[in-house]
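Student: Could you pick one part of this model and go through it closely, then work outwards from there? I'd like the cut-offs spelled out as you go.

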Amino acid sequence: MQESEFQVTTTERLDKLVADNVATISRSQAKNAIEAGQITVDGQPAKPKDKPKAGATIHVALPDPQPLDLAPENIPLDIVYEDDDVLVVNKPQGMVVHPAPGHPNHTLVNALLYHSPLSSINGTLRPGIVHRIDKDTSGLLMVAKNDHAHQSLSAQLQAKTNLREYVAIVHGNFKEEEGTINAPLGRSPKDRKKQAVVADGRPAITHFRVLERYGNYTLVACRLETGRTHQIRVHMAYINHPVAGDPLYGPKKTLKGAGQFLHARELGFKQPTTGEQLTFTAPVPANFAKAVRHLRQQAGLPVDKVI
């Protein structure tokens with residue numbers, strides 16, 4: 001049983017209060033838990049639409065989550081590189097990296113388990129996963145096949161010695177050719193599903209440079225110095241150049257596609273055992289390339305230049 005308590009400070013619906021104060025619960029999950037009698041107000045059952053008074057005590061008692069069945073699945077992988085320590089995979093847009101509530105299987109981890117042994121440092125749900133990219137972001141990921149490799153790759157991330165460069169189509173036309181966004185990120189106080197630039201957030205630094213200009217859109221390269229959740233997407237929106245197609249941080253009127261036009265194009269790190277510097281690149285997926293050709297055509301630029 002997972003239990004927690006908090007006191008009401010603002011008058012709002014109970015389901016929203018719970019979602020805002022308990023990080024592991026969404027508003028819909030809070031509604032279901034209230035209706036199941038797992039959440040009480042001053043010891044009494046309540047309804048999701050009730051608005052407890054300031055000072056009331058909310059008690060949350062949730063059953064322990066059921067473990068997900070993490071099974072190997074024979075899903076094709078685009079393996080860019082492999083040795084005894086590491087895998088470099090080009091993840092397709094639309095694939096979730098590891099199992100989670102709502103995505104119990106058909107993930108990259110399920111496919112990796114079928115292909116190879118993986119490190120155990122991140123536990124049973126995220127074996128081998130050193131860093132992640134969003135479901136609707138495509139591109140390169142490094143995966144640890146053993147604990148020694150995992151420790152080495154994680155240390156490189158922490159020391160900021162690895163290379164992670166993305167390419168993105170963003171809204172608007174930049175005044176500058178390049179720049180750095182240094183703005184701390186944390187959970188949005190207005191929407192818990194989002195990240196936001198917040199004063200007490202974790203340090204987050206993104207370096208960008210303009211690759212091509214299309215008038216209403218710009219092709220940019222973004223190099224991560226840190227790796228926070230949704231970092232590029234939030235930072236680009238923060239400077240009023242949201243990633244095209246981004247359903248969370250971008251405008252509704254945008255380029256047609258199946259998600260944000262964001263691709264992890266280049267990845268570099270030192271091989272955990274030999275120390276050799278390895279660098280890999282992956283071409284953008286077909287829908288991304290098609291959008292760039294269309295924008296180039298509209299802007300009168302050479303259409304077939306390699307991105």
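**Helix H3 and what lies around it**

Tutor: In H3, the buried residues are Leu108, Val109, Asn110, Ala111 and Leu112. Buried stands for under 20% relative accessible area, while exposed is over 50% and partly exposed is in between (1.4 Å probe, protein chains only). The "H" and "E" labels are DSSP runs numbered from the N terminus: helices are H or I with at least four residues, strands are E with at least two.

Before going on: this is a predicted model, so local features need pLDDT of at least 70 and side-chain atom pairs count only at pLDDT 80 or more, while totals for chains, interfaces and linings use all residues. Residues are numbered from 1 along each chain as its sequence is written, and side-chain values use heavy atoms, with hydrogens and water left out.

Back to H3: its buried residues pack against E6 and E7. Leu112 then leads us further in, since Leu112 and Met236 have the most contacts inside the largest nonpolar core, a set of 28 residues. Elements that each give at least two residues to this core include strand E6 (86-91), helix H3 (108-115), strand E7 (138-144), helix H5 (231-238) and strand E14 (262-270). A nonpolar core here is a set of buried Ala, Val, Leu, Ile, Met, Phe, Trp, Tyr and Cys residues joined through side-chain atoms within 4.5 Å. In soluble globular proteins, nonpolar side chains tend to be buried together.

Take Met236 next: beyond neighbours within four places in sequence, its contacts are Val170, Phe174, Ile181, Phe208, Cys222, His241, Pro242 and Val243. Contact means heavy atoms within 4.5 Å. Elsewhere there's a second, separate core of 17 residues, with Val8, Ile25, Ile34 and Ala56 among its members.

Helix H5 also holds Gln231, which counts as buried at 2% relative accessibility. Its polar side chain is not left idle: it makes a polar contact with the side chain of Thr226 at 2.8 Å, and it reaches the backbone nitrogen of Arg228 at 3.0 Å. A polar contact is a pair of N or O atoms within 3.5 Å; within protein, one must be able to donate a hydrogen and the other to accept it, and residues adjacent in sequence count only if both atoms are side-chain atoms. Leaving out residues up to four places away in sequence, Gln231 touches Leu185, Ala204, Ile205, Thr206, Leu224 and Thr226.

Charged pairs come next. The structure has 13 salt bridges, each a side-chain nitrogen of Lys or Arg within 4 Å of a carboxyl oxygen of Asp or Glu. One of them joins Arg265 to Glu165, with the closest N and O atoms 3.1 Å apart. That pair links distant parts of the chain, as Arg265 is in strand E14 and Glu165 in strand E8, 100 residues apart. Arg265 counts as buried at 12% relative accessibility, and so does Glu165 at 6%.

Glu212 takes part in two listed pairs. With Arg296, the closest N and O atoms are 2.9 Å apart; Arg296 sits in helix H6 (residues 286-299) and Glu212 in strand E12, so this bridge ties together parts 84 residues apart in sequence. Both of these residues are buried. With Lys305, the closest N and O atoms of the Glu212 bridge are 3.8 Å apart. Here the linked parts are the segment after H6, which holds Lys305, and strand E12, 93 residues apart. Glu212 has a relative accessible area of 10%. Glu12, Lys16 and Asp20, meanwhile, are joined into one network by salt bridges that share partners.

Finally, the N-terminal sheet: it's open, with 4 strands in the order E1-E4-E2-E3 and antiparallel pairing. Strands E1 (2-7) and E3 (44-45) are at the edges with a single partner strand each, so one side of each has no neighbour in the sheet. Two strands pair if DSSP finds at least two bridges between them; E2 (residues 39-41) and E3 have 2, in the antiparallel sense. In that pair, Thr40 stands opposite Pro45 in E3. Helix H1 (residues 14-21) packs on the sheet, touching E1, E2 and strand E4 (57-62), and its direction makes about 110 degrees with that of E1. For such angles, axes are lines fitted to C-alpha atoms, for helices over the stretch in contact, and values run from 0 to 180 degrees between N-to-C directions. H1's buried residues are Leu14, Asp15, Leu17, Val18 and Ala19, and their cover includes E1, helix H2 (27-35), E2 and E4.
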